[in-house]
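Here is a report on one structure. Take the view in order: ligand shells, sheets, local backbone, then domain and chain contacts.

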Amino acid sequence: MLYRVIDRADVPSLVAAFMERYEVVAPVRRGEKYVFEAVSDFDEIALDYPTTIASPKKYFLPATETLFAFDARENAVTDYVDEVRPRVLFGVHACDINGIMNLNSVFNDPRYPDPYYRAHEDATLIVGVSCTPTDTCFCHLMDSEEARPGYDLFLNAIGDRYLVSIGSVTAANILESACDVREATDADRAAFRAATRARQRAFNPAIPDVQEIPMLMDAFHEDAFWDELGGRCLSCNACASVCPTCYCFDIRDTLDPGAETGRRERVWDACTSPQFAMVAGGHNFRATPAARVRHRMYHKLNGFLATHDRSLCVGCGRCAAACKVDISPIAVLEFFERKGADDGE
Amino acid sequence: MSEIERVTDEPCAPRVVFIGLASCFGCQINITNIEKHLLQVLGQIELGYWQLTSSEPMPDAFDVAVIEGAVTTEEAAETVRRARERAGCVIAIGACAATGGIPGMAAPDITGCAAAVYGDAVPEACGVLRAPAPVSALVDVDFTVSCCPVDPFEFVRVLDAALYGSNRLAPTSVLCGQCAQGEGGCLYKRGQMCLGLVTRSGCGAKCPTLGRACNGCAGLSPDANVGAARAFAASRGHDPARFDEALRMFNTVALVAAGEGE
Ligand code: SF4
Ligand code: SF4
Ligand code: SF4
Ligand code: SF4
Ligand code: SF4
């Protein structure tokens, strides 16, 4: 990895350089919260944002995506619609970069590569930025507090400068052309270490650090805890809507008025949705909210590991903020914590 | 999903009738709001009967019955039963037909409501009143287009599903997930009480997106967790009695059926 130092004051010209060739998407303030959105000026960007309502997943897997257009009379595909645009995701936190890495490993699985996802991925540059954990952040417990691969540039804030990790030649060239790029000094390195220390200390200590999570998920599979969670789940899917790593979708056809032509679309779906596991004939393999919530937590904290060797949950904490009834991996970690400490459980 | 069973193999356009029961006709009017697409849609069907466009009486034979409005009289109940016997497919449109809607608010006490309006001389033109009910309380309904009023394009999609089949399933998850996709922030954070917690998704969270609380016009989801929703609203300072009162605007019939009416 190559590292360079730039001044904070150089970031606007970096963004401007990206804008010459790409759509720039960045965190912007919306009401009390923040969202990823296309920007046209550096001043719109809130680079020190805590987190966004929903993740940048939407730029790889849009909530609704047209796969192709068809002619219903001819029963033929008329157009593979291509809505991919060259884009820079500017200001992505480490958890989300790890989330995107998880999506990559799903959608680039050589057995079923997904050309639509791949097209978005190929057209997207990612510029990461260091962060300060919020109360619901627990990426450090999910091995996602650092972005190792997965970015083109990563801006580590060190006072009035950034220590920039460089991940791609394309981005390096733009960085060089737009900024006054320097070699890191000893002082920069010390400032970087101080920043990582401060960040480590900033995680919410109330979120328990639990070992052997995947095994615990199996061990307590039948625990009444899941009924407790299911009993208060609203079946709303807000958790999946905001999650960087929920990637399930449904495919459906939409006819245009007149029914002569139409589009095949994929739309987000989620295992918390009541009909998600309903099959032809009407049987529902996960007919209760308890079974659905447990399934979601399993995939996040256990199931994905078996095939991809890392936890699907990256600890971004968004579902903890979005769920109105306090269902999230944090609740599961707290449950495991109580289990050991309290014989009465 | 059910497709129309044709009595003859001869290619002819499916015959569709529109029936209006106790309603404001807003859903029917809204269908005409697809404007430039209206002729395309009408081109697919043979419009057998539509009070809005003609005063010809309803024919005896048709394939699809589109029903707007709640059943509030014995006469309407008979109309619905007859439509079911004749039509291969029944589509209920709008909150009135789907949940009882606004007329459904009178379900717990239709006699009292009639008396409050007419005194002790209910005019004959009212017909023989009965507790307002959604169409599905009387007959099997093949497709439902929710909301007050219906989204006209959703109506067209459902009509197409009835005519040609469809791989779409009406969701039973509640609204907050769609609302979260819009990233507008939850109205509870701004002190408003919103019924998206229990309302069937599908409208795309239209009202919260515009900054207004959901009234529940798409109907209570069969998978709604009303108890947990009430508790959440209460935790944000909204009296459960107010929550229930708001819910009664479009969902009285369902609440009465669940023993939570009054
Ligand atoms: S499960 Fe929750 S905390 Fe984990 S990645 Fe998804 S939204 Fe973030
Ligand atoms: S876990 Fe929470 S956010 Fe997810 S579906 Fe249930 S209530 Fe909604
Ligand atoms: S659902 Fe609403 S718009 Fe439609 S008929 Fe009933 S009251 Fe009118
Ligand atoms: S505004 Fe309403 S629909 Fe949206 S998240 Fe809040 S309660 Fe749910
Ligand atoms: S947000 Fe609620 S009230 Fe508004 S259209 Fe949707 S279901 Fe109806």
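## Ligand shells

Which residues surround ligand 5? The model is predicted, and in it the shell of ligand 5 is drawn from chain B: B:Leu175, B:Thr199, B:Cys203, B:Lys206, B:Cys207, B:Pro208, B:Cys214, B:Asn215, B:Gly216, B:Cys217 and B:Ala218. By class, seven of these are nonpolar, three polar and one charged. The cysteines count as nonpolar in this scheme.

Ligand 1 is surrounded by residues of chain A. Among them are A:Cys243, A:Cys313, A:Cys316 and A:Cys319. A:Phe138, A:Pro244, A:Val314 and A:Pro329 also line ligand 1, as do A:Arg296, A:Lys300, A:Gly315 and A:Gly317. The count for this shell is eight nonpolar, two polar and two charged residues.

## The sheet of chain A

Chain A has an open sheet of seven strands. The order is β1-β9-β8-β7-β6-β2-β3, and the pairing is mixed. Strands β1 (2-7) and β3 (33-39) of chain A are the edges; each has a single partner strand, so one side of each has no neighbour in the sheet. From one strand to the next, the twist averages 25°.

At one edge, β1(A) runs antiparallel to β9 (161-166) of chain A, with six bridges between them. A:Asp7 sits opposite A:Arg161 in this pair. Helix α5 (186-202) of chain A packs on the sheet and touches β1, β8 (153-158) and β9 of chain A. The helix direction makes about 90° with that of β8(A).

At the other edge, β2 (23-30) of chain A joins β3(A) through seven bridges, again antiparallel. A:Val28 has A:Val35 as its bridge partner. These two strands form a hairpin with two residues between them, and there A:Gly31 takes a positive phi near 60°.

## The sheet of chain B

Chain B also has an open sheet, this one of five strands in the order β2-β1-β3-β5-β7. The pairing is parallel. Its edges are β2 (46-50) and β7 (143-145) of chain B; each has a single partner strand, so one side of each is left free of a neighbour in the sheet. Neighbouring strands are turned by 20° against each other on average, direction ignored.

Strand β1 (15-20) of chain B pairs with β2(B) over four bridges, in the parallel sense. In that pair, B:Val16 stands opposite B:Leu47. Helix α6 (152-164) of chain B packs on the sheet. It touches β1, β3 (64-68), β5 (89-93) and β7 of chain B, and its direction makes about 170° with that of β7(B).

## Backbone exceptions in chain B

Most residues other than glycine have a negative phi, and most peptide bonds are trans. Where does chain B depart from this? B:Phe25 has a positive phi of about 70° although it is not a glycine. B:Phe25 lies in the loop between β1 and α1 (26-31) of chain B.

The peptide bond from B:Cys148 to B:Pro149 is cis, with omega near -5°. B:Pro149 is placed in the loop between β7 and α6 of chain B.

## Domains within each chain

Chain A divides into domain 1 (2-61 + 74-202) and domain 2 (213-338). Their C-alpha centres lie 26 Å apart. The contact takes 30 residues from domain 1 of chain A and 28 residues from domain 2 of chain A. About 2,400 Å² is buried between them, and carbon and sulfur atoms give 59% of that.

Chain B divides into domain 1 (3-164) and domain 2 (175-257), with C-alpha centres 26 Å apart. Here the contact takes 15 residues from domain 1 of chain B and 12 residues from domain 2 of chain B. The buried area is about 980 Å², of which carbon and sulfur atoms give 71%. On the domain 1 side, B:Thr99, B:Met105 and B:Cys147 lose the most area, together 40% of what that side buries.

## Between the chains

How many residues of chain B are in contact with chain A? The count is 34 residues of chain B, against 36 residues of chain A. The area buried between the two chains is about 2,600 Å², with 56% from carbon and sulfur atoms. In chain B, B:Asn167, B:Arg168 and B:Glu183 lose the most area to chain A, together 25% of what that side buries.

Definitions and conventions. Residues numbered from 1 in each chain as written. Chains lettered and ligands numbered in written order. Predicted model: local features only at pLDDT ≥ 70, side-chain atom pairs only at ≥ 80, totals over all residues. Heavy atoms only, no water. Near = heavy atom within 4 Å. Pairing = 2+ DSSP bridges. Axes fitted to C-alpha atoms, helices over the stretch in contact; angles between N-to-C directions. Contact = heavy atoms within 4.5 Å. Domains from an automatic or database assignment. Buried area = accessible area lost by both parts, 1.4 Å probe.
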